[in-house]
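The following exercises concern a single protein chain. Please examine the sequence and the structure, attempt each task, and then read the worked solution.

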Amino acid sequence: MESKRVVVTGLGAITPIGNTAKDFWEGLTHGISGAAEITRFDSSLYKTHFACEVKGYDPDNFFDKKTARKYDLFAQFDIVAADEAIADAGITPDNTDFDDVGVILTSGIGGVGHFFNEMKEFFTEGDGTPRFNPFLITKMIINMPGGVISIKYGFRGINFATVSACASSAHAIMDAFNYIRLGKSKVIIAGGAGAAIGECGIGGFNAMKALSTRNDDPLTASRPFDLNRDGFVMGEGAGCIVLEEYEHAVARGATIYAELVGCGASADAYHITAPHPEGKGGILSMRRALADAEIAPEAIDHINTHGTSTPAGDVAEPIAIKEVFGEHAYNISLNSTKSMTGHLLGGAGAIEAIASVLALKNGIVPPTINHFDDDPRIDSRLDFTFNKARLRDIHYALSNSFGFGGQNATLIFKKHE
């Protein structure tokens with residue numbers, strides 16, 4: 001069976017550096033840091049006092065008060081980003097059969113903040129009588145945003161959530177791609193969210209020693225590939241893209257941002273949190289994506305790295321890139337979106353897919369900000385686009401997402417001519 005071509009026709013984002021896809025891109029290209037003192041709770045007793053929060057978000061602008069109470073913040077972010085992407089794509093009952101529209105929206109850890117607050121209230125404020133919020137379960141579970149979008153619009157296609165920690169939304173996009181190219185769906189809304197900036201999220205990642213503790217300088221705390229990086233910065237928000245079968249998009253006159261041409265997935269089979277030190281899982285994921293796209297390594301112009309600003313991860317990924325691309329690795333423009341947004345956990349893959357698509361469309365590689373000193377363990381001949389965006393004609397862009405558990409996903413987008 002001949003595979004269908006799959007294109008991107010809609011974008012939506014709510015991030016620490018911009019609350020729409022357009023504003024997110026502006027923040028990226030201008031090298032804006034989204035890090036600041038945490039406002040969600042009193043972090044003074046925690047090792048980390050800062051994060052990349054979404055700025056100026058008011059649920060009343062998107063939901064009535066009764067509805068907002070039903071959804072955890074991660075779900076609100078997913079829904080807001082999906083609404084923007086759907087409107088951007090111009091999908092209506094007049095141009096699309098809603099039986100053929102699917103939704104794959106996800107998160108890395110779902111409503112962990114809501115669950116924590118419910119348990120805290122139960123154990124500290126109750127009289128021992130079991131009383132729970134009637135939305136306790138539905139606010140926690142990760143598949144809920146996809147269900148809400150389906151109900152809201154009447155989309156009756158496939159509907160589920162992928163979960164692979166920090167690779168969750170990249171896997172969501174990958175699954176959407178496969179369903180469409182196999183002819184099982186015409187349109188799929190795919191993406192993911194993260195909203196773990198709270199006592200439980202910050203405390204848990206602090207206990208793992210995964211977060212930066214650069215409390216004296218939050219703006220420069222996310223330092224991917226820098227010698228003095230000391231952990232990632234927690235981010236929040238969501239990204240969503242509309243994937244569509246090419247002929248369907250053309251027939252309805254849709255705007256096409258880019259084409260998704262290949263995906264790869266793998267497991268490190270090494271450690272629950274640390275990447276394989278030789279980048280073996282990343283190597284497999286990227287090679288499988290290149291084979292899926294049926295392109296040579298030399299075709300790739302730009303890589304949006306996973307680039308979290310962690311001591312181990314930022315060493316393993318460049319090793320993997322050099323192994324896959326050989327000498328061509330030095331011709332590729334690399335960058336880390338997380339230097340500006342922090343790490344959106346389950347939403348990271350989606351906003352980085354959006355960044356890759358817009359890099360192709362606009363011919364701009366966003367920077368990796370906050371680079372001060374080279375790490376001798378990282379090949380300094382690689383071009384990480386440090387500190388300033390760069391113009392470049394990009395034909396193929398690759399985006400990596402690597403999750404706890406050693407679960408890896410790679411997406412390859414092609415410029416739409």
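**Exercise 1. Helix α6**

Task: Determine which residues of helix α6 (residues 144–153) are buried, and state which elements they pack against.

Solution. The model is a predicted one.

Step 1. A residue counts as buried when its relative accessible area is under 20%. In α6, this applies to Pro 145, Gly 146, Val 148, Ile 149 and Ser 150.

Step 2. An α-helix has 3.6 residues a turn, so residues three or four places apart point the same way.

Step 3. The partners of the buried residues of α6 are α3 (73–89), β4 (101–107) and β5 (159–160).

Step 4. The chain just after α6 also deserves attention: Gly 154 there has a positive phi of about 85°.

**Exercise 2. The sheet and the helices on it**

Task: Give the order of the strands in the ten-stranded open sheet, and explain why one side of β5 and of β10 has no neighbour in the sheet.

Solution.

Step 1. The order is β5-β4-β6-β7-β1-β8-β14-β13-β9-β10, and the pairing is mixed.

Step 2. β5 and β10 (333–335) are the edge strands and have a single partner strand each, so one side of each is left without a neighbour in the sheet.

Step 3. Helix α6 packs on this sheet, where it touches β4 and β5, and its direction makes about 150° with that of β4.

Step 4. Strand β6 (residues 187–194) pairs with strand β7 (residues 237–245) over eight bridges in the antiparallel sense. Within this region, Ile 188 has Leu 243 of β7 opposite.

Step 5. Helix α13 (residues 348–362) lies across β1, β6, β7, β8, β9, β13 and β14, and runs at about 170° to β13.

**Exercise 3. Strand β1**

Task: Is β1 largely enclosed by the rest of the structure or left open? Describe also how β1 pairs with β7 and with β8.

Solution.

Step 1. Of the nine residues of β1, nine are buried, so the strand is largely enclosed by the rest of the structure.

Step 2. β1 and β7 run antiparallel and are joined by eight bridges. Ile 14 has Ala 238 in β7 as its bridge partner.

Step 3. With β8, β1 pairs in the antiparallel sense over three bridges. Here Val 7 stands opposite Glu 259 of β8.

**Exercise 4. Two helices in contact**

Task: Describe the packing of helix α7 (residues 168–181) with α13.

Solution.

Step 1. The two helices pack at an angle of about 65°, and their axes are 5 Å apart.

Step 2. From α7, the residues Ser 169, Ala 170 and Ile 173 take part; they meet Ala 348, Gly 349, Ala 350 and Ala 353 of α13.

Step 3. Sorted by class, the contact holds five nonpolar residues, two polar residues and no charged residues.

**Exercise 5. Positive phi outside glycine**

Task: Ala 269 and Ser 309 are not glycines but have a positive phi. Where does each lie, and is each buried or exposed?

Solution.

Step 1. Most residues other than glycine have a negative phi.

Step 2. Ala 269 has a phi near 50° and lies in the loop between β8 and α10. Its relative accessible area is 77%, and Ala 269 is exposed.

Step 3. Ser 309 has a phi of about 80° and belongs to the loop between β9 and α11. With a relative accessible area of 0%, Ser 309 is buried.

**Exercise 6. Two pockets**

Task: For the largest pocket and the second largest pocket, report the volume and describe the lining.

Solution.

Step 1. The largest pocket has a volume of about 550 Å³. Its lining consists of 34 residues, and those nearest the centre are Thr 273, Pro 275, Thr 310, Gly 313 and Phe 404.

Step 2. Two or more lining residues come from each of α10 (280–293), α11 (313–325) and β13 (396–403). α11 contributes the most, namely four residues.

Step 3. By class, the lining of the largest pocket has twelve nonpolar, 17 polar and five charged residues.

Step 4. The second largest pocket has a volume of about 390 Å³. It is lined by 21 residues, with Asp 72, Leu 73, Gly 113, His 114 and Asn 117 nearest its centre.

Step 5. α4 (112–125) and α8 (199–207) each give two or more residues to this lining. The largest share, seven residues, belongs to α4.

Step 6. The lining of the second largest pocket comprises nine nonpolar, five polar and seven charged residues.

Methods: Residues numbered from 1 in each chain as written. Predicted model: local features only at pLDDT ≥ 70, side-chain atom pairs only at ≥ 80, totals over all residues. Heavy atoms only, no water. 1 Å grid on protein atoms, 1.4 Å probe; cavity = no way out; pocket = protein on both sides within 12 Å on 5 of 7 lines; lining within 4 Å. Points joined across faces, edges and corners; volume = space filled by probe spheres on them. Nonpolar A, V, L, I, M, F, W, Y, C, P; charged D, E, K, R; others polar. Buried < 20%, exposed > 50% of the residue type's maximum accessible area, 1.4 Å probe, protein only. Contact = heavy atoms within 4.5 Å. Pairing = 2+ DSSP bridges. Axes fitted to C-alpha atoms, helices over the stretch in contact; angles between N-to-C directions.
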